[in-house]
Amino acid sequence: MATLVILGGYGNTGRALTRLLLQHSDVSLVLVGRDGDKARRAAAEWNDRFPGLRARGEAADASDGERLRQLFRGTELVVAASSTSPSARVVAEAALDAGIDYIDPQFSRAKVAALRELAPRIQAAGRCFVTDAGFHPGLPALLVRYAARRFDALRSARVGSVIQIDWKTLNFSDSTLDELVSEFREMQMMHFRAGRWQTMGWIESFKPVWMDFGGEFGRRYTMPMLLEEMRPLPDMFPGLQDTGFFVGGFNWVVDWLLMPLGVGLLWISPEAGGRAFARMLEWGLRRFSRPPFGTLLQLEAQGLHDGAEH
């Protein structure tokens, strides 16, 4: 029976993964977090719900490479489901030392750079490392590649998202808030248009890209957000002239008031401004998010098929 390690095993993402893995597989899980008591309580709760006593909780900090190597021994895979992007290199090196595979769902340019530096070592060891494997990043480029198989020549492929969550039901740890702020700090408003990657400027941001998501979500404004997985697509599909990932807004208070203010605070003082921005975001998301709640990815593609444009 395979054993998997989930860093952040009692967090929002970790809980969802744990439930699915225990429900649909026979793997054993090591749920890891900074708070050992929380990890052990979470494991006990899952063992009460699912047979086999397949979960156990352990304490570890993602920046403690030696502790991680101890936990990784005898396992097959580590899932970095916590807010561990700043420690990505430590986690990856511990996985390599233990001879196990790695996957994460996080958005972080610094994390991607660290894993790229380790790529020769990963390949030499014959390990499988998958990064940016979430809702986004993760699925948008996959949708474009799927669309390319349905066309003789793919001309345009835009992926838009709606993330309209009932934020009041989620737990916000300090590290989660820090990672959310880091995502905004690292966000590049770029999309591939007219055959080249272009940045949406400040003035252009007042004329967002509109997408119709249908149903309850309807027509919404979106902004381009560069995902590393999208960069290779124009080279993979030479006829592609227009592509990108476009993220929908949260709510009008966060989008039009708190976001510009927070970006200004980050520019003035990255550390103190980041802390203030994090608390503003938490307040704005909890206070002003309204139903319908849900998440959605949508692909809008055009191209040539059987001699006709579609």
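**Entry 1: the parallel sheet**

I started with strands β1 and β2, which pair in the parallel sense over five bridges. I looked up one position in this pairing and found Val 5 opposite Val 30 in β2. I note here that the model is a predicted one. I then followed the pairing outwards and got an open sheet of six strands in the order β3-β2-β1-β4-β5-β6, with parallel pairing. At its edges I have β3 (55-59) and β6 (129-130), each of which pairs on one side only.

**Entry 2: helix α1**

I checked the length of helix α1, residues 12-24. With 13 residues at 1.5 Å a residue, α1 should span 18 Å, and I find its end C-alpha atoms 19 Å apart, which agrees. I then asked which residues of α1 are buried. They are Gly 14, Thr 18 and Leu 22. Looking down the axis of α1, I see the buried residues fall within an arc of 55°, so they line one face of the helix. The spacing fits the general rule: an α-helix has 3.6 residues a turn, so residues three or four places apart point the same way. I also looked up what covers the buried residues of α1, and the cover includes β1 (3-7), β2 (28-33) and α2 (36-49).

**Entry 3: helix α3**

I did the same for helix α3, residues 65-72, where Gly 65, Leu 68, Leu 71 and Phe 72 are buried. Down the axis of α3, these residues fall within an arc of 120°, so they line one face of the helix. Among the elements that cover them I list β1, β2, β3, β4 (77-80) and α4 (88-98). After α3 comes Gly 74, and I noted its positive phi, near 80°.

**Entry 4: the β10-β11 hairpin**

I moved on to strand β10, residues 209-212, and asked which of its residues are on the covered face. Val 209 and Met 211 are on that face, while Trp 210 and Asp 212 are on the uncovered one. β10 pairs with strand β11 (residues 219-224) in the antiparallel sense, over four bridges. I find Asp 212, from the uncovered face, opposite Arg 219 in β11. The two strands form a hairpin with six residues between them. In the turn I noted Gly 214, which has a positive phi of about 65°.

**Entry 5: Glu 282**

I looked up Glu 282, which lies in helix α10, residues 270-288. Is Glu 282 buried or exposed? Its relative accessible area is 17%, and buried means under 20%, so I enter Glu 282 as buried. Leaving aside neighbours within four places in sequence, I find Glu 282 in contact with Phe 172 and Leu 177.

**Entry 6: the chain as a whole**

I counted ten helices and 14 strands in the chain. The radius of gyration is 21 Å, close to the 19 Å that the globule rule gives for 310 residues, so I enter the chain as being as compact as a globular protein of that length. Along the principal axes, the C-alpha atoms fill a box of roughly 55 × 45 × 35 Å. I have 47% of the 310 residues down as buried. Of the contacts with a separation of 6 or more, 72% are between residues 24 or more positions apart. The accessible surface comes to about 15,700 Å², and 55% of this belongs to carbon and sulfur atoms.

How values were computed
Residues are numbered from 1 along each chain as its sequence is written. This is a predicted model: local features need pLDDT of at least 70, side-chain atom pairs count only at pLDDT 80 or more; totals for chains, interfaces and linings use all residues. Side-chain values use heavy atoms; hydrogens and water are left out. The expected span of a helix is 1.5 Å times one less than its number of residues. Buried means under 20% relative accessible area, exposed over 50%, partly exposed in between (1.4 Å probe, protein chains only). The arc is that of the directions from the helix axis to the C-beta atoms. Contact means heavy atoms within 4.5 Å. Two strands pair if DSSP finds at least two bridges between them. The radius of gyration is taken over C-alpha atoms; the globule rule is 2.2 Å times the number of residues to the power 0.38. Accessible areas come from the Shrake-Rupley method with a 1.4 Å probe; for residues, only the protein chains shown count as cover.
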